[in-house]
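Work through these short exercises with the model on screen. Try each task before you read its solution.

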Amino acid sequence: MTKPPKPKPLLQDADKPVRSRPRKARNPAQPNLLLDPMPDRIEPCLALLKTKPPKGSDWVYEIKWDGYRLGVHIEPTGIRILTRGGHDWTHRFPAIKQAAMWLPVGTAILDGEAVVLDEKGRSDFGLLQQSLGGRVGEKISSDAIFMAFDLLYFDGHDLRNSELSMRRHLLDDLVPAGEQGDIRLSEEIEADGDQLLASACEHGLEGIIAKRRDAPYRSGRLGDWLKIKCVQSDSFFVVGYERSTAARRQIASLLLAARMGDGLVYVGSVGTGFKESDVSELRGMMDKITRKTPPLPYSGARKNVVWLQPTLIAEIEYRAWTEDGNLRHASYKGLREVQDNAAVYEVD
């Protein structure tokens, strides 16, 4: 009977372990496992404003959220939360940061919106502003949650050239529908666009978003995403204010401007929507940027106007435009922050 071979000892001698054979040099023709470098920042895809929802099976719908657009970066070194303008707001959303750390993924970039919900589950820009303490830049929000609606990078793979349907499939696995944490899924809704818009408006929502199923993720406002609003809401420069005859209120109305080419054009005023805390915050900032002359052509007859440098940007809700180019039924919603890089309305 043949004896079994003796097992090779772990040590050749008392001091030297057994070593594997010398590794051969890598053959350059052998392919590498391709991984995409993680982008430091991605310019967001922006929705183009339309008056009616698009038709056809090429489109899917979501609720339009009223908050701050953010990119949540889950990186090997930690979490970064960036605004639309590329500013780091990680410190302002600690709950969202903590929730991102618990997601079951090594590296990822989520696109979405930071919102604060009211008692009926609707996003409220004014509540978000209150939770952030205004435009100071250092306040944190313990009430804001992140509504994720796209996945741009996932475990070493850049997904921007993939179709929306594929990106959403991966996002749905990462952030399951129905979960009520600080990162939630902005769910797609299979419905007729007109009926969905009517339902959204009936429930007091801001509107809906339509997205092409087969579109890659393209930065900018190129028409792959459309927004259809129940009530118009846009950003305008605050170029002055009218003093109130009631001493306690201090502000009767804010004077607003839009962009027109390289200059500004007056678009009317807003005198409703202010809370007492809004007035105090506004006066504190406006007193630092007063000027003697209007920063734009103005032929109105308002009295007691204090003119301002056009640096403050307000979010204004309104119903329509008058024939002379002013906002109709305007209501103040809050100030946009500089880091948010909000686009001021442009008049053709």
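**Exercise 1. Find how many cavities of 30 Å³ or more there are, and describe the lining of the largest one.**

Step 1. Apply the rule: the count comes to one cavity of 30 Å³ or more. A cavity is a set of points, on a 1 Å grid over the protein atoms alone, where a 1.4 Å probe fits but cannot get out.

Step 2. Take the volume. The largest cavity holds about 150 Å³. Volume here is the space filled by probe spheres set on the points, with grid points joined across faces, edges and corners.

Step 3. List the lining. Lining residues have an atom within 4 Å of a point. There are 15 of them for the largest cavity, and the closest to its centre are Ile 42, Pro 44, Leu 70, Gly 71 and Thr 83.

Step 4. Trace the strands (E runs in DSSP of at least two residues, numbered from the N terminus). β3, β4 (78-83) and β5 each supply at least two lining residues. β3 gives the most, with four.

Before going on, note the ground rules. This is a predicted model: local features need pLDDT of at least 70, side-chain atom pairs count only at pLDDT 80 or more, and totals for chains, interfaces and linings use all residues. Residues are numbered from 1 along each chain as its sequence is written, and side-chain values use heavy atoms, leaving out hydrogens and water.

**Exercise 2. Decide why strand β5 is largely enclosed by the rest of the structure, and name its partners.**

Step 1. Check burial (under 20% relative accessible area, with a 1.4 Å probe and protein chains only). Eight of the eight residues of β5 (residues 108-115) are buried, so the strand is largely enclosed by the rest of the structure.

Step 2. Look for pairing, which needs at least two DSSP bridges between two strands. β3 (residues 68-75) pairs with β5 in the antiparallel sense over seven bridges. Ile 74 has Ala 108 of β5 as its bridge partner.

Step 3. Turn to β6 (residues 145-154). Eight bridges join β6 to β5, and the two run antiparallel. Here Glu 113 has Met 147 of β6 as its bridge partner.

**Exercise 3. Find the disulfide and state its handedness.**

Step 1. Search for cysteine sulfur atoms within 2.5 Å, the cut-off for a disulfide. The count comes to one. Cys 201 is joined to Cys 230, S to S 2.1 Å.

Step 2. Read the torsion. About the S-S bond of Cys 201 and Cys 230 it is about -95 degrees, so the disulfide is left-handed.

Note on methods. Buried < 20%, exposed > 50% of the residue type's maximum accessible area, 1.4 Å probe, protein only. 1 Å grid on protein atoms, 1.4 Å probe; cavity = no way out; pocket = protein on both sides within 12 Å on 5 of 7 lines; lining within 4 Å.
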